[in-house]
Amino acid sequence: MDISVVVPTLNGREELAGCLDALTEQVPDAEVIVVNGPSADGTTGMVRDRDDVSILVEIADRSVTVARNAGIDRATGDVVALVHQSLSVESGWAAAIKSGLSEAARAITGPTHQQLRAGMTTETEETRTIAGRDVTYFNPGNVAFDAEVLEALDGFDEYLNVGSARDFAHRMAAGDYGVAWSTEMCVSREFEADGGTTATDWNWKYRSLAYRLVKNYNIRPTVLWRILSHAGGDAKDAMLDVARGETTPSQWLGNGQDVFGGVGSGLVDGLRARVTDRTPRRNPNGRSARADRAVTVYDWR
């Protein structure tokens, strides 16, 4: 079993170096493909100076979805793994992939160990039943696929700036491609518990949610209820922030407008996508639908 590892990166030179060091130590025979967005921190030079990267793909897009597809385009292994730039694979990671993939499980994912000042946290398997379909989600920063599945589903949907991994999980479930969970397929990340947080783009969060649900399940009561449930929970949490003085009523209203706008756009675009691609793969914006996104390719194979 030959493993190709795709590592999308954007302005994460130091984190990426740690990720690549771990891959070299734990999976020395892997084909490592780094896909670099328009980084401005010297990532290109750092990667070119290493001798453990098989291919460096430079793209102009800042989209991680585009980066994933660009890496998949050049992977030659019969197994293709995705690893986040800030994560380091642990001992047993490759063995878990080789033993976990099968006809019943065409993808495998595992937990992320996160070192906190007060201890360590880890993740667990996440599944949902939507419109009678059992969906197993995967960690897009720690997952491996049978390459044939990526080909069959035409990679990730590039309409989605966020949520393309969730969309892929829905499409895998529709195709009866199983996803396995292995506690041995571990990656780790160390960070400061009191670090800053990234502001939520409410428009894109709900645009993505509505798009992928409508595209995969059509407009039906269960889909609309799921969207409203998400929005209601977020609205309640945001109102508590207002009560605590952590945000203002005007911000709350502005975020609400972004949510409604995102839902509206997602519903329309999701329905259009469903009509455009009626095949089981449900991916009108996949790898085959666009030109090669690579600006420069360094291939040292």
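A salt bridge here is a side-chain nitrogen of Lys or Arg within 4 Å of a carboxyl oxygen of Asp or Glu. Asp299 and Arg301 fit that description: their side chains meet at 2.7 Å, N to O. The model is a predicted one.

Consider how open this pair is. Arg301 is exposed, with a relative accessible area of 51%. Asp299 counts as partly exposed, at 40%. The cut-off for exposed is over 50%, so Arg301 passes with its 51%, while Asp299 does not with its 40%.

Salt bridges also form a network in this structure. Bridges that share partners join Asp61, Asp73, Glu151, Glu158, Arg287, Arg290 and Arg293 into one network. In total, the structure holds 26 salt bridges.

Next, turn to Asp269. This residue takes part in a salt bridge with Arg207, at 3.6 Å from N to O. The two partners come from distant parts of the chain. Arg207 sits in helix H7, residues 202-217. Asp269 sits in helix H9, residues 249-276. They are 62 residues apart. Asp269 also meets Arg272 in a salt bridge, at 2.7 Å from N to O. This second link is local: Asp269 and Arg272 both lie in helix H9, three residues apart, about one turn of the helix.

Which of these side chains belong to buried residues? Buried means under 20% relative accessible area. Asp269 is at 17%, so it counts as buried. Arg207 has 21% and is therefore partly exposed. Arg272 is partly exposed too, at 48%.

Another acidic residue deserves a look. Where is Asp154 found? Asp154 is in the loop between helix H5 (147-152) and helix H6 (164-174). Is Asp154 buried or exposed? Asp154 is buried, with a relative accessible area of 6%. Its contacts beyond its neighbours within four places in sequence are with Arg281, Asn283, Gly286, Arg287, Ser288 and Ala289. One of these contacts, Arg287, is also a member of the salt-bridge network described above.

Now step back to the whole chain. Its secondary structure comes to nine helices and 14 strands. The radius of gyration is 20 Å, close to the 19 Å that the globule rule gives for 301 residues, so the chain is as compact as a globular protein of that length. Along the principal axes, the C-alpha atoms fill a box of roughly 55 × 45 × 35 Å.

Contacts and surface add to the picture. Among contacts in the chain with a separation of 6 or more, 78% are between residues 24 or more positions apart. Of the 301 residues, 48% count as buried. The chain exposes about 14400 Å², and carbon and sulfur atoms supply 49% of that area.

Finally, one stretch carries a record. An unreviewed UniProt entry annotates residues 4-83 as "domain: Glycosyltransferase 2-like". In the model, residues 4-83 are 39% helix and 28% strand. The end C-alpha atoms of this span lie 11 Å apart.

How values were computed
Residues numbered from 1 in each chain as written. Predicted model: local features only at pLDDT ≥ 70, side-chain atom pairs only at ≥ 80, totals over all residues. Heavy atoms only, no water. Helix = DSSP H or I, 4+ residues; strand = E, 2+ residues; numbered from the N terminus. Buried < 20%, exposed > 50% of the residue type's maximum accessible area, 1.4 Å probe, protein only. Contact = heavy atoms within 4.5 Å. UniProt positions renumbered as here; feature names shortened; annotations may be inferred. Rg over C-alpha atoms; globule rule 2.2 N^0.38 Å. Areas by Shrake-Rupley, 256 points an atom, 1.4 Å probe, with all protein chains shown as cover.
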